[in-house]
Amino acid sequence: SYATQWYKTCLFLKQNNIKATFFVSYIHTLSHKEIKNLQKIDSLGFEIGCHGWNHINSVDYLKNHSLNEYYEAEILPAISFMEDINLKPDAFAYPGGVHNDTLDQFLLQYFDILRGVTLEQVRALTKNVEEIDEIFIKRKKQNVVDGLGIDVQYQISEEMLNGALNRASEEKEILVLYAHCPVDSNAQHYQINKSYLENLILKCKELDLKSYLISEI
(Lines give C-alpha, C1' and ligand atoms only; values in the text may rest on other atoms or scores of the structure.)
Protein backbone atom coordinates (compact mmCIF):
# COMPACT_ATOMS: atom_id res chain seq x y z
CA SER A 1 0.00 0.00 0.00
CA TYR A 2 1.06 3.58 -0.66
CA ALA A 3 -1.14 5.06 2.07
CA THR A 4 1.77 6.23 4.26
CA GLN A 5 3.62 7.90 1.36
CA TRP A 6 0.35 9.40 0.13
CA TYR A 7 -0.28 11.01 3.50
CA LYS A 8 3.20 12.60 3.55
CA THR A 9 2.65 13.84 0.01
CA CYS A 10 -0.74 15.29 0.95
CA LEU A 11 0.83 17.58 3.50
CA PHE A 12 3.18 18.87 0.79
CA LEU A 13 0.32 19.26 -1.73
CA LYS A 14 -1.80 21.07 0.84
CA GLN A 15 1.00 23.60 1.46
CA ASN A 16 1.02 24.31 -2.28
CA ASN A 17 -2.78 24.50 -2.63
CA ILE A 18 -2.88 21.46 -4.94
CA LYS A 19 -5.89 19.13 -5.04
CA ALA A 20 -5.59 15.40 -5.76
CA THR A 21 -7.63 12.20 -5.78
CA PHE A 22 -6.12 8.97 -4.41
CA PHE A 23 -7.48 5.70 -5.84
CA VAL A 24 -7.16 2.71 -3.52
CA SER A 25 -7.36 -1.03 -4.27
CA TYR A 26 -6.89 -4.03 -1.92
CA ILE A 27 -8.30 -1.80 0.81
CA HIS A 28 -9.24 -4.89 2.86
CA THR A 29 -5.52 -5.75 3.20
CA LEU A 30 -4.50 -2.40 4.74
CA SER A 31 -3.39 -2.06 8.34
CA HIS A 32 -5.30 0.01 10.88
CA LYS A 33 -2.63 2.73 10.57
CA GLU A 34 -2.94 2.79 6.76
CA ILE A 35 -6.73 3.11 7.02
CA LYS A 36 -6.24 5.99 9.45
CA ASN A 37 -3.91 7.66 6.94
CA LEU A 38 -6.59 7.40 4.24
CA GLN A 39 -9.12 8.98 6.61
CA LYS A 40 -6.66 11.78 7.39
CA ILE A 41 -6.13 12.38 3.66
CA ASP A 42 -9.90 12.62 3.23
CA SER A 43 -10.24 14.99 6.19
CA LEU A 44 -7.63 17.33 4.65
CA GLY A 45 -9.98 17.89 1.70
CA PHE A 46 -8.47 15.39 -0.71
CA GLU A 47 -10.52 12.63 -2.32
CA ILE A 48 -10.31 8.87 -1.91
CA GLY A 49 -11.53 6.99 -4.99
CA CYS A 50 -12.03 3.30 -5.70
CA HIS A 51 -9.53 1.26 -7.72
CA GLY A 52 -11.27 -2.08 -7.27
CA TRP A 53 -11.31 -4.75 -4.57
CA ASN A 54 -8.55 -6.94 -6.03
CA HIS A 55 -7.30 -4.70 -8.87
CA ILE A 56 -8.93 -6.90 -11.52
CA ASN A 57 -8.49 -5.95 -15.19
CA SER A 58 -12.18 -5.52 -15.96
CA VAL A 59 -11.97 -6.03 -19.74
CA ASP A 60 -10.08 -9.32 -19.32
CA TYR A 61 -12.42 -10.46 -16.53
CA LEU A 62 -15.51 -9.92 -18.68
CA LYS A 63 -14.21 -12.36 -21.32
CA ASN A 64 -15.34 -15.17 -18.99
CA HIS A 65 -17.72 -13.46 -16.55
CA SER A 66 -20.87 -11.37 -16.59
CA LEU A 67 -21.11 -7.72 -15.60
CA ASN A 68 -23.01 -8.78 -12.49
CA GLU A 69 -20.24 -11.23 -11.51
CA TYR A 70 -17.73 -8.43 -11.99
CA TYR A 71 -19.80 -6.14 -9.77
CA GLU A 72 -20.14 -8.79 -7.04
CA ALA A 73 -16.42 -9.65 -7.09
CA GLU A 74 -14.75 -6.29 -7.58
CA ILE A 75 -17.09 -3.33 -7.05
CA LEU A 76 -19.63 -4.10 -4.33
CA PRO A 77 -17.14 -5.30 -1.68
CA ALA A 78 -14.91 -2.27 -2.30
CA ILE A 79 -17.77 0.24 -2.02
CA SER A 80 -19.19 -1.49 1.07
CA PHE A 81 -15.83 -1.57 2.85
CA MET A 82 -15.14 2.08 2.02
CA GLU A 83 -18.58 3.18 3.17
CA ASP A 84 -18.04 1.33 6.47
CA ILE A 85 -14.96 3.47 7.15
CA ASN A 86 -16.65 6.70 5.99
CA LEU A 87 -14.81 6.92 2.66
CA LYS A 88 -17.69 6.59 0.20
CA PRO A 89 -16.08 6.74 -3.27
CA ASP A 90 -17.54 9.01 -5.96
CA ALA A 91 -14.82 8.13 -8.50
CA PHE A 92 -13.42 4.88 -9.93
CA ALA A 93 -10.10 4.29 -11.71
CA TYR A 94 -9.90 1.25 -13.96
CA PRO A 95 -7.07 -1.15 -12.97
CA GLY A 96 -4.71 -1.22 -15.92
CA GLY A 97 -6.59 1.75 -17.33
CA VAL A 98 -8.50 -0.29 -19.94
CA HIS A 99 -12.25 0.07 -20.34
CA ASN A 100 -15.05 0.14 -22.89
CA ASP A 101 -18.48 1.72 -23.37
CA THR A 102 -20.33 -1.24 -21.84
CA LEU A 103 -18.29 -1.04 -18.64
CA ASP A 104 -18.55 2.75 -18.53
CA GLN A 105 -22.33 2.71 -18.77
CA PHE A 106 -22.58 -0.04 -16.15
CA LEU A 107 -20.22 1.57 -13.61
CA LEU A 108 -21.75 5.04 -13.93
CA GLN A 109 -24.66 3.58 -11.97
CA TYR A 110 -22.32 3.45 -8.97
CA PHE A 111 -19.79 6.25 -9.51
CA ASP A 112 -19.97 9.87 -10.69
CA ILE A 113 -16.77 9.69 -12.76
CA LEU A 114 -14.52 6.98 -14.22
CA ARG A 115 -10.82 7.29 -15.08
CA GLY A 116 -8.98 5.17 -17.63
CA VAL A 117 -5.55 5.55 -19.24
CA THR A 118 -4.71 6.94 -22.66
CA LEU A 119 -4.14 4.17 -25.21
CA GLU A 120 -0.94 5.98 -26.15
CA GLN A 121 0.64 4.47 -23.02
CA VAL A 122 -0.52 0.94 -23.74
CA ARG A 123 1.99 0.91 -26.62
CA ALA A 124 5.22 2.81 -27.26
CA LEU A 125 4.51 6.53 -27.21
CA THR A 126 4.38 7.88 -30.77
CA LYS A 127 2.74 11.28 -30.20
CA ASN A 128 3.99 14.35 -28.42
CA VAL A 129 2.19 14.54 -25.08
CA GLU A 130 0.44 17.78 -26.04
CA GLU A 131 -1.07 15.96 -29.06
CA ILE A 132 -2.84 13.26 -26.98
CA ASP A 133 -6.29 14.82 -27.13
CA GLU A 134 -8.06 12.40 -24.78
CA ILE A 135 -6.03 13.50 -21.74
CA PHE A 136 -7.27 17.07 -22.17
CA ILE A 137 -10.80 17.99 -21.13
CA LYS A 138 -12.47 20.82 -22.96
CA ARG A 139 -15.17 21.53 -20.44
CA LYS A 140 -16.12 20.66 -16.92
CA LYS A 141 -18.60 17.90 -16.04
CA GLN A 142 -17.31 14.95 -18.00
CA ASN A 143 -17.91 11.54 -16.48
CA VAL A 144 -15.39 9.32 -18.31
CA VAL A 145 -11.79 10.55 -18.66
CA ASP A 146 -8.42 9.09 -19.65
CA GLY A 147 -5.22 10.12 -17.90
CA LEU A 148 -1.51 10.22 -18.62
CA GLY A 149 0.77 8.28 -16.27
CA ILE A 150 3.87 10.15 -15.15
CA ASP A 151 5.59 7.43 -13.09
CA VAL A 152 9.24 7.01 -14.07
CA GLN A 153 8.68 3.99 -16.34
CA TYR A 154 6.55 6.12 -18.68
CA GLN A 155 9.56 8.35 -19.37
CA ILE A 156 7.54 11.57 -19.57
CA SER A 157 10.30 14.16 -19.33
CA GLU A 158 9.71 17.53 -17.68
CA GLU A 159 10.03 19.12 -21.12
CA MET A 160 7.29 16.86 -22.52
CA LEU A 161 5.07 17.54 -19.52
CA ASN A 162 5.64 21.29 -19.80
CA GLY A 163 4.41 21.13 -23.40
CA ALA A 164 1.18 19.57 -22.18
CA LEU A 165 0.77 22.10 -19.38
CA ASN A 166 1.30 24.93 -21.85
CA ARG A 167 -1.48 23.52 -24.05
CA ALA A 168 -3.81 23.23 -21.04
CA SER A 169 -3.12 26.87 -20.19
CA GLU A 170 -3.51 28.20 -23.73
CA GLU A 171 -6.64 26.18 -24.56
CA LYS A 172 -8.20 26.51 -21.07
CA GLU A 173 -8.35 22.74 -20.73
CA ILE A 174 -7.97 20.34 -17.81
CA LEU A 175 -5.01 17.94 -18.13
CA VAL A 176 -5.56 14.56 -16.41
CA LEU A 177 -2.37 13.16 -14.87
CA TYR A 178 -1.79 10.26 -12.50
CA ALA A 179 1.08 8.62 -10.63
CA HIS A 180 1.28 5.87 -8.02
CA CYS A 181 3.81 6.54 -5.30
CA PRO A 182 5.94 9.67 -4.68
CA VAL A 183 9.39 8.95 -3.21
CA ASP A 184 12.23 11.24 -2.11
CA SER A 185 14.65 10.00 -4.81
CA ASN A 186 15.69 7.06 -7.04
CA ALA A 187 12.15 6.30 -8.20
CA GLN A 188 11.51 2.80 -9.54
CA HIS A 189 8.52 1.35 -11.45
CA TYR A 190 5.21 2.88 -10.32
CA GLN A 191 7.03 5.64 -8.44
CA ILE A 192 7.66 9.33 -9.04
CA ASN A 193 10.49 11.45 -7.64
CA LYS A 194 9.47 14.27 -5.32
CA SER A 195 11.68 16.70 -7.30
CA TYR A 196 9.67 15.91 -10.47
CA LEU A 197 6.46 16.60 -8.58
CA GLU A 198 7.89 19.86 -7.19
CA ASN A 199 8.82 21.04 -10.70
CA LEU A 200 5.36 20.11 -11.98
CA ILE A 201 3.77 22.23 -9.24
CA LEU A 202 6.13 25.14 -9.97
CA LYS A 203 5.15 25.03 -13.65
CA CYS A 204 1.44 24.97 -12.71
CA LYS A 205 1.96 28.03 -10.52
CA GLU A 206 3.87 29.81 -13.27
CA LEU A 207 0.97 29.20 -15.68
CA ASP A 208 -1.62 29.96 -12.99
CA LEU A 209 -3.25 26.55 -13.53
CA LYS A 210 -5.90 25.44 -11.06
CA SER A 211 -6.08 21.84 -9.81
CA TYR A 212 -9.19 19.72 -9.28
CA LEU A 213 -10.36 16.62 -7.47
CA ILE A 214 -11.39 14.18 -10.17
CA SER A 215 -15.03 14.32 -9.06
CA GLU A 216 -14.97 18.08 -9.72
CA ILE A 217 -14.21 17.60 -13.42
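Which helix holds both Glu206 and Lys203, and how many residues apart are they? Both residues lie in helix H7, which spans residues 194-206. They are three residues apart, about one turn of the helix. The model is predicted, and the values reported here are computed from it.

The side chains of Glu206 and Lys203 meet in a salt bridge, with an N to O distance of 3.4 Å. The two partners differ in burial. Glu206 has 60% relative accessibility and therefore counts as exposed, the cut-off for that class being over 50%. Lys203 has 12% relative accessibility, so this residue counts as buried; the limit for burial is under 20%. The H7 pair thus joins an exposed glutamate to a buried lysine.

Elsewhere, salt bridges that share partners join Asp133, Lys138, Arg167 and Glu173 into one network. Within this network, the side chains of Glu173 and Arg167 meet at 2.8 Å, N to O. Glu173 counts as buried because its relative accessibility is 7%. Arg167 also counts as buried, at 14%. Here both charged partners fall under the 20% limit.

A further salt bridge links the side chains of Glu120 and Lys127. The N to O distance is 4.0 Å. Glu120 counts as buried, because its relative accessibility is 5%. Lys127 reaches 35% and so counts as partly exposed. In this pair the glutamate is the buried partner, whereas the lysine is partly exposed.

Across the whole structure, a search finds seven salt bridges. Among them are Glu206 with Lys203, Glu173 with Arg167 and Glu120 with Lys127. Side chains of opposite charge can pair when their charged atoms come close.

A buried polar residue was also examined. Thr9 lies in helix H1, which covers residues 3-15. Its relative accessibility is 11%, so Thr9 counts as buried. A polar atom of the Thr9 side chain lies 2.9 Å from the backbone oxygen of Gln5. Leaving aside residues up to four places away in sequence, Thr9 touches Pro182 and Leu197. The surroundings of Thr9 therefore include a backbone oxygen, that of Gln5, and contacts with Pro182 and Leu197, while the residue itself is buried at 11%.

Note on methods:
Residues are numbered from 1 along each chain as its sequence is written. This is a predicted model: local features need pLDDT of at least 70, side-chain atom pairs count only at pLDDT 80 or more; totals for chains, interfaces and linings use all residues. Side-chain values use heavy atoms; hydrogens and water are left out. Helices (H or I, at least four residues) and strands (E, at least two) are DSSP runs, numbered from the N terminus. Buried means under 20% relative accessible area, exposed over 50%, partly exposed in between (1.4 Å probe, protein chains only). A polar contact is a pair of N or O atoms within 3.5 Å; within protein, one must be able to donate a hydrogen and the other to accept it, and residues adjacent in sequence count only if both atoms are side-chain atoms. Contact means heavy atoms within 4.5 Å.
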